[in-house]
Amino acid sequence: MATVLGSHGLTFRQDYFGDPPAWTALVALLEDTFGIDVSIQDRFGGPDPTSMPFGYFDENGVCAANFSVFSMPMMIDGRLVKAAGFQSGAVRPQWRGRGLYRELMNRAFGWCDQQGFELGILLTDKPAMYEPYGFKVLPQQRFLGAPPPAETRFVGTVRELSLDNAGDIALVRRVLRERTPVSSFFAVMAQAEMFLLNGFFDPDVRLTYLDQFEAVVAWKEDETSFQLLDIAGKTIPPLSAFFGALDQRPDRVEVCFPPDRLDWRGKPEPFPSDISLMVRGSAVGLSGPVTLSPMAEF
Ligand SMILES: CC(C)(COP(=O)(O)OP(=O)(O)OC[C@H]1O[C@@H](n2cnc3c(N)ncnc32)[C@H](O)[C@@H]1OP(=O)(O)O)[C@@H](O)C(=O)NCCC(=O)NCCS
C-alpha cells in the first residue's frame with residue numbers, strides 16, 4: 001500500500017507485514033509498550049496472515065503508533081459469524097494525546113465495515129475509549145462444578161505436548177486448522193496464532209493431546225483450582241473422557257468457555273476482570289453465555 005505523510009510528519013502505512021524492517025519496528029513498539037515479544041510468533045509460522053496493520057512510522061523507521069485487525073471467524077448462537085479482532089493498539093509516549101490513535105481507530109473500523117465484517121471484538125482495560133465507536137462490554141462468565149465421573153472406557157493415547165518441540169507445534173497447528181468450535185454459543189472457529197502465543201507466554205498452561213478425539217486440551221491447575229481453558233479438536237471429547245484420560249481428580253472444575261459441548265453442566269458465575277470484552281456489530285444481542293477462551297485472548 002502506498003505510504004502517506006501525515007500532518008504530524010509521520011508516515012502512514014497499512015498492510016506492511018511483508019516488509020521485515022516494519023514488522024521489526026512493530027515488535028519493538030509492542031515490546032516497549034506491553035513488555036511482550038511477539039517476534040516469538042516466527043517460531044510458530046509468523047504473524048497471522050489475515051492481519052491488517054495500520055501504523056505510523058517516523059523518518060528513521062520507528063513505529064510510533066499501530067492498531068491491527070485480524071480475521072477471527074466465530075461460532076455464535078449456532079451461526080458462523082464473520083468477526084474481526086482488534087489488537088496491538090499502542091502509541092509511543094512522546095506521540096500520545098495528538099489524535100494518532102483516533103485516526104488509526106477510524107481507519108481500522110472503516111476498513112472492517114468495507115470488508116463486510118459483521119462483528120468487531122476487542123479486549124481492553126480502557127472500555128470508555130471504544131464506546132464512541134459503538135463497542136459495548138459483554139460480561140463474561142465461567143462455569144464451576146464437580147468433575148464428572150471419569151470415563152473408564154478411554155482407550156486412546158494421551159500425550160503431553162511442548163511448544164518447544166517443532167513436531168508438537170506442527171501437531172497443534174494442524175489440530176487448530178481442523179478444529180470444531182469448542183462451543184456453539186460463543187467460540188472461535190479458526191485462528192491459530194493466539195492459541196500458540198497464549199500457550200507459550202503462560203508457562204502454567206498444559207497441552208494434552210487425546211489421539212482418540214484428535215484434540216488438544218489446554219488446562220491448568222494450582223492448589224485451589226483446576227481450569228479447563230480450551231479444547232482444539234476435530235471432535236470435542238466429553239469432560240468425562242478428558243478426566244478418564246488424565247491422571248487428575250480435582251474436587252472442582254472451572255470451565256473457561258461455554259460448556260455446551262462437554263456433556264457436563266457447571267454453574268455460571270460472573271468472571272470479574274480488569275480486561276473487558278467488547279463487541280460492535282449485529283451479534284451484540286446474544287442469547288447464550290459469553291466467554292472467550294483464555295487461549296483465544298489477544
Ligand atoms: C491508549 C493509547 C493507544 C491512546 O493513544 P493516543 O494517540 O494518545 O490517543 P488519541 O490522542 O488518539 O486519543 C483518542 C481518543 O481516546 C481517548 N483516550 C486516550 N487515552 C485514553 C485512556 N487512557 N482512557 C480513555 N480514553 C482515552 C482520547 O481522549 C481521545 O478521545 P476523543 O477522540 O474523544 O478526543 C496510548 O495512550 C497507549 O499506547 N497507551 C498504552 C497502551 C494501551 O493502553 N493501548 C490500548 C490497548 S486497548
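Modeller: A residue lines a cavity when one of its atoms lies within 4 Å of a grid point of that cavity, a place where a 1.4 Å probe fits but cannot get out. Keep that in mind as we look at this predicted model.

Biologist: Thanks! Which residues line the second largest cavity?

Modeller: By that rule the lining consists of Met 72, Arg 179, Val 188, Gln 191, Met 194, Phe 195, Asp 230, Met 295 and Ala 296. The space inside comes to about 50 Å³.

Biologist: What makes Gln 191 the polar one in the lining of the second largest cavity?

Modeller: Met, Val, Phe and Ala count as nonpolar, and Arg and Asp as charged, while Gln falls among the others, so it is polar. The lining of this cavity divides into six nonpolar, one polar and two charged residues.

Biologist: How many cavities are there of 30 Å³ or more?

Modeller: There are two cavities of 30 Å³ or more. The largest has a volume of about 60 Å³. Its lining includes Arg 179, Val 188, Asp 230 and Ala 296, and each of these four is also in the lining of the second largest cavity.

Biologist: Which strand gives the most to the lining of the largest cavity?

Modeller: That is strand E12, residues 186-188, with three residues. They are Phe 186, Ala 187 and Val 188. By class, the lining of the largest cavity holds eight nonpolar, two polar and two charged residues.

Biologist: Let's move to Asn 66, in strand E4. Why is Asn 66 called buried?

Modeller: Buried means under 20% relative accessible area. Asn 66 has 0% relative accessibility, so it counts as buried.

Biologist: What makes the pairing of Asn 66 and Tyr 16 a polar contact?

Modeller: The cut-off is 3.5 Å between N or O atoms, one able to donate a hydrogen and the other to accept it. The side chains of Asn 66 and Tyr 16 are joined at 2.7 Å, and those of Asn 66 and Ser 68 at 3.0 Å. Asn 66 also touches residues farther along the sequence, among them Leu 26, Pro 53, Ser 88 and Tyr 101.

Biologist: And the ligand: how do you know that Arg 96 makes a polar contact with it?

Modeller: A polar side-chain atom of Arg 96 lies 3.4 Å from a ligand oxygen, and the limit is 3.5 Å. A ligand oxygen is also 2.6 Å from an N or O atom in the Arg 102 side chain, and one is 2.8 Å from a polar backbone atom of Val 91. In total, 16 residues surround the ligand, with Gly 89, Val 91, Gly 97, Arg 102 and Lys 126 the closest.

Terms used. Residues numbered from 1 in each chain as written. Predicted model: local features only at pLDDT ≥ 70, side-chain atom pairs only at ≥ 80, totals over all residues. Heavy atoms only, no water. Helix = DSSP H or I, 4+ residues; strand = E, 2+ residues; numbered from the N terminus. Buried < 20%, exposed > 50% of the residue type's maximum accessible area, 1.4 Å probe, protein only. Contact = heavy atoms within 4.5 Å. 1 Å grid on protein atoms, 1.4 Å probe; cavity = no way out; pocket = protein on both sides within 12 Å on 5 of 7 lines; lining within 4 Å. Points joined across faces, edges and corners; volume = space filled by probe spheres on them. Near = heavy atom within 4 Å. Lists of a residue's contacts leave out its neighbours within four places in sequence.
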